[in-house]
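Q: I would like a close look at the aromatic side chains of this chain, with attention to how the rings are arranged.

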Amino acid sequence: KFKFKPVGGMRSALGLLAVRRACCLSRSNHTSPRTLEYKPIKKVMVANRGEIAIRVFRACTELGIRTVAVYSEQDTGQMHRQKADEAYLIGKGLPPVAAYLDIPDIIKVAKENDVDAIHPGYGFLSERSDFAQACADAGVRFIGPSPEVVRKMGDKVEARAIAIRAGVPVVPGTDGPVTCLSEAQEFSNTYGFPIIFKAAYGGGGRGMRVVKEYEELEENYQRAYSEALAAFGNGALFVEKFVERPRHIEVQILGDKYGNIIHLYERDCSIQRRHQKVVEMAPAVQLDPHLRDRLTADSVNLARQVGYENAGTVEFLVDKHGRHYFIEVNSRLQVEHTVTEQITDVDLVHAQLHVCEGRSLPELGLKQDKIRINGFAIQCRVTTEDPARGFQPDTGRLEVFRTGEGMGIRLDSASAFQGAVISPHYDSLLVKVIASGNDLPAAAAKMNRALAEFRVRGVKTNIPFLQNVLSNDQFLYGTVDTQFIDENQELFNLKPVQNRAQKLLHYLGHVMVNGPTTPIPVKAKPSSIDPVIPPIPLGEPPVGFREVLLREGPEGFAKAVRAHKGLLLMDTTFRDAHQSLLATRVRTHDLKQVAPFVAHNFSNLFSVENWGGATFDVAMRFLCECPWKRLQELRALLPNVPFQMLLRGANAVGYTNYPDNAVFKFCEVAKENGMDIFRVFDSLNYLPNLMLGMEAAGAAGGVVEASISYTGDVSDPMRQKYSLDYYLKLADELVRAGTHILNVKDMAGLLKPESSRMLIGALRDRFPDMPIHVHTHDTAGAGVAAMLACAEAGADIVDVAVDSMAGMTSQPSMGAIVACTKGTKFNTGELPNVYDYSEYWEVARGLYAPFDCTATMKSGNADVYENEIPGGQYTNLHFQAHSMGLGHKFKEVKKSYTEANKLLGDLIKVTPSSKIVGDLAQFMVQNSLTRAEVEERADELSFPLSVVEFLQGHIGIPHGGFPEPFRSKVLKNMPRVEGRPGASLPAMDFQALEKQLRETHGDDITPEDVMSAAMYPKVFQEFKEFTHQFGPVDCLNTRLFLDGPKIAEEFEVELERGKTLHIKALALGDLNKAGQREVFFELNGALRSVLVKDTVAMKEMHFHPKALKDVRGQVGAPMPGKVVEVKVKQGQTVEKGQPLCVLTAMKMETVVNSPLSGTVVRIYVNADSSLEGDDLILEITE
């Protein structure tokens, strides 16, 4: 005689299923008395979607039953329709949810395709008695209770009455659904608050609202009613007294057609949010055995009371005193049925199918005395919900989907696969993860490990939140109730998902589609050859000057420098050299490569200049990297040589004024991150600004190197505004203020050998014990001669750059100075391997070909002695001129620079004053204005913002005062700053700034981030937005960063030590309707793709109107750039000269003023609009 094994033990191969079922058909039943005929099921339809449909299909396949899926129009790409043997569209033309509620269509498909039985799954129609009845009327079996039982259990009020008759405790509540608000009010008056509304015809938390006060009653009634109506087609509600802080315990029951009822023990579903279960466990932790017996006995009695058959769940609340109250019966399979299967080894879906066929529980081996609890199981529902935003569902495309697996892990997945689109139409469940172990801690450890293995990219998930739950001590070692999530807000301290690999692919795809993210001034490609790192000895680098500084402090360090025999060198290759030659674009990646070589071979350098000045904002603005991280990483790689930075006095590393405490705080943080020497200067040599910077650097514990910014020519008796006496008096003040080192900052390379001897000789005579440091540029080609003259006159230190990064607008050549001083009393000491160092930079420089000044400049030029353009600005000005279409007019730009300098009163020219002169010069060339015309029309022209702010006094008072009447004509009635600009600014609230940053960007904000935001709020914001979208890109080599990979190119990217990505660029897709291209990669052997918006194609589809020059009221853009702010509205009346909008380009902001008085009739731009020259901004009528 053929014997059936218990369902949970069936593990036979699918090839034996047909034989087994044939035996079932032919055998006579002697197991239990029957009045019903056994009818095998041949074909099952699941009237559902997603995970539960797939779960049932798998069970059917194991039993040799053919499967049928139904799907809505929105679900054509869903996995459940592919897992079935057949799949049919239902609800054509209906909304997404309504399609799965279309009973006539579902029955029609079942009948047309010879379906024997329909499994309703959970949700949708699973608890609709009319659906169960429709199946019966159509002659199709409903895999579940009878229609009458479904009706009774689905009506929560009737279910409550049945429970009372069965002697099961219930929570006080209404006898039937309430039909109006007044009935709910009457109940609350009788039993008091809190109360809870529940949907009478459905569950899952929909239509459920807790009301704690009378004032909340009406609103919550309306919300619960509308939710229930939308979810179940019936808004009927009933009201119960709300049990506070209960545990939510449910018992799994199973019945057959012959009156046999068993339980499969309980599940704890207390971890909920908004009454929806998040984590489920079986069995319940620390549940009193007597209480377990009462719960299970009451569940079986209640099921017998109604003649329950098939699977169901009886739900209870257990209060803190151990009293249990019946909530409801779910006459269907539960989402969390899996944990019961794991601890009882009973396949509930197999059992459902067999019971529906007419088999009894005993013959399936399912007798109460044989059901045992074995171990512990946890289920986590991985959903596309964002816990940080109140579990708001997220939608989008799954760019990456990788699960966690292994011993003790079961996955019941929905439609989760790479490329799947998560729509907003249905439940957000991706996959159910079930972990089994001997006890709760063991199961939790497996679950935690599995969740950590998941990689889901493209949408937010609740995995970080689940991991926090699983690590919570109360969860692991105590008991939890339904308030667990609400009372443990630390669960929402979510560990950010790094997602570095996919973000990098997004970046590379973006560059491949749209070109470089940083503006490219000339059309040149980065070299394909990477520099070879020179050999680096093993072990620690030799002791250098930094050892003296760390041991003896700034004063002792200064004495050691002055006492040193021979000439000391500062290497500017790490900052000013590449600022001058390569537009400050050199990345940390290339600096880090060679830093250890410098540490081992150049330990006798006075210092390395590697930070501050333009480097700070450019790092974030154009290189998309953190300047503080650069400082930290270089400090670790170059520990023995002092670092020097450029501090713009009271302007810190910015172009504007900051509160005093911001400058002090900046220096403090810089010193903490490894900065040693602060070269402090002011762009106007304005002493109050200089003094503040010196005080800030000194207070931070740094070496103070006060700078005299040099301009003019002390050897020319005809040029006496900046005379030798002027510089000596300034030096007196700086030495008196306590500088450790005195610096002469010759930012344009104007020091000739004779003027060098005069200035440095006079300073040495006046300050015999003060170390003197000279900085220059080699624009005219006389830099080496000038520095040798400075050394002869008494300078202790001069600035040089390695040979391949020297000359022209950079510093004099390191190799030349070393060679020229060799064998003399100015010997620089042994600097071995200068040429290897130079060779590295010669090749590295090729990577920056798009920014190399030699792309547009072929040599230095002695006309710098006339125009006095600083070296770094000379290059930038050249690039700016080319980028703004003025490359052919650069000679005019240089002449205009000279004229602009005279217009502004002959300034000391160094950032930011040099930028002001440059902005005015380009403005003059752009608008074909002479110096005389500018002076004449000063009251009506729209000057660059930097010029206006300078004249207002925003950067201090220039030597000799402001130019008049030019200043008064430009400013008219604008306010003026008196005295030191920063003195009147209120102190910066760093705590408030940090709080704001954390609210905006999350909790991984560092003190360094706070300082970046303090210096450059908008640039930092854009940098954080970039890293949020693309991640840290500093791990890419420079060619990939700038130009992206070529198709079929293979390369490696090291994310961190021991973690290397192997990437191959495969293909670039065509433009889709959304303006995107799909970019395909191979990442670590797996196919990946990203969707990238084609900004170029989008721009080509947009044509911006141009301003007509002969129409006076049409205001056009005076330069190419981006709109920062629109200051007027349509219909607004404006006066002549009134600001209309602010444009920015290449760090220069321009206020566009109204050319006439009138009314704004139309505005053609908004903030962030990108404009070409003469693009129409707005129209004004007089």
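Which residues form one aromatic cluster?

A: In this predicted model, one aromatic cluster is formed by W611, F616, W628, Y655, F666 and Y1016. Counted over the whole model, the aromatic pairs number 37.

One of these pairs is made by Y507 and F1030, whose ring centres are 5.5 Å apart; because their planes stand at 80 degrees, over the 60 degrees that the class requires, the pair is edge-to-face. This contact joins distant parts of the chain, since Y507 belongs to helix 18 (residues 500–514) and F1030 to helix 40 (residues 1017–1030), with their positions 523 residues apart. Both partners fall under the 20% cut-off for burial: Y507 has a relative accessible area of 0%, and F1030 has one of 4%.

A further pair lies within helix 40. The ring centres of F1020 and F1023 are 6.5 Å apart, and their planes meet at 50 degrees, so this pair is classed as tilted. The two residues are three positions apart in the helix, which means that about one helical turn separates them. In general, an α-helix has 3.6 residues a turn, so residues three or four places apart point the same way. F1020 is buried, at 1% relative accessibility, and F1023 is likewise buried, at 9%.

Aromatic rings also appear beneath charged groups. R49 is placed over the face of Y426, at 3.9 Å from the ring centre. In a second case, K745 sits over the face of F681, at 5.0 Å from the ring centre.

K745 leads to another part of the model, as strand 28 spans 741–745 and is among the elements that cover the buried residues of helix 26. The other elements in that cover include helix 25 (687–699), strand 27 (703–709) and helix 27 (753–766). Helix 26 itself runs over residues 724–736, 13 residues in number, and reaches 18 Å from its first C-alpha to its last, close to the 18 Å expected at 1.5 Å a residue. Its buried residues are Y726, Y727, L728, L730, A731, D732 and L734, a list that includes two tyrosines, Y726 and Y727. After helix 26 comes G738, with a positive phi near 100 degrees.

Terms used. Residues are numbered from 1 along each chain as its sequence is written. This is a predicted model: local features need pLDDT of at least 70, side-chain atom pairs count only at pLDDT 80 or more; totals for chains, interfaces and linings use all residues. Side-chain values use heavy atoms; hydrogens and water are left out. Helices (H or I, at least four residues) and strands (E, at least two) are DSSP runs, numbered from the N terminus. The expected span of a helix is 1.5 Å times one less than its number of residues. Buried means under 20% relative accessible area, exposed over 50%, partly exposed in between (1.4 Å probe, protein chains only). Contact means heavy atoms within 4.5 Å. Rings of Phe, Tyr and Trp (its six-membered ring) pair if their centres lie within 6.5 Å; planes under 30 degrees apart count as stacked, over 60 as edge-to-face and the rest as tilted. A charge sits over a ring if NZ of Lys or CZ of Arg is within 6 Å of the ring centre and within 35 degrees of the ring normal.
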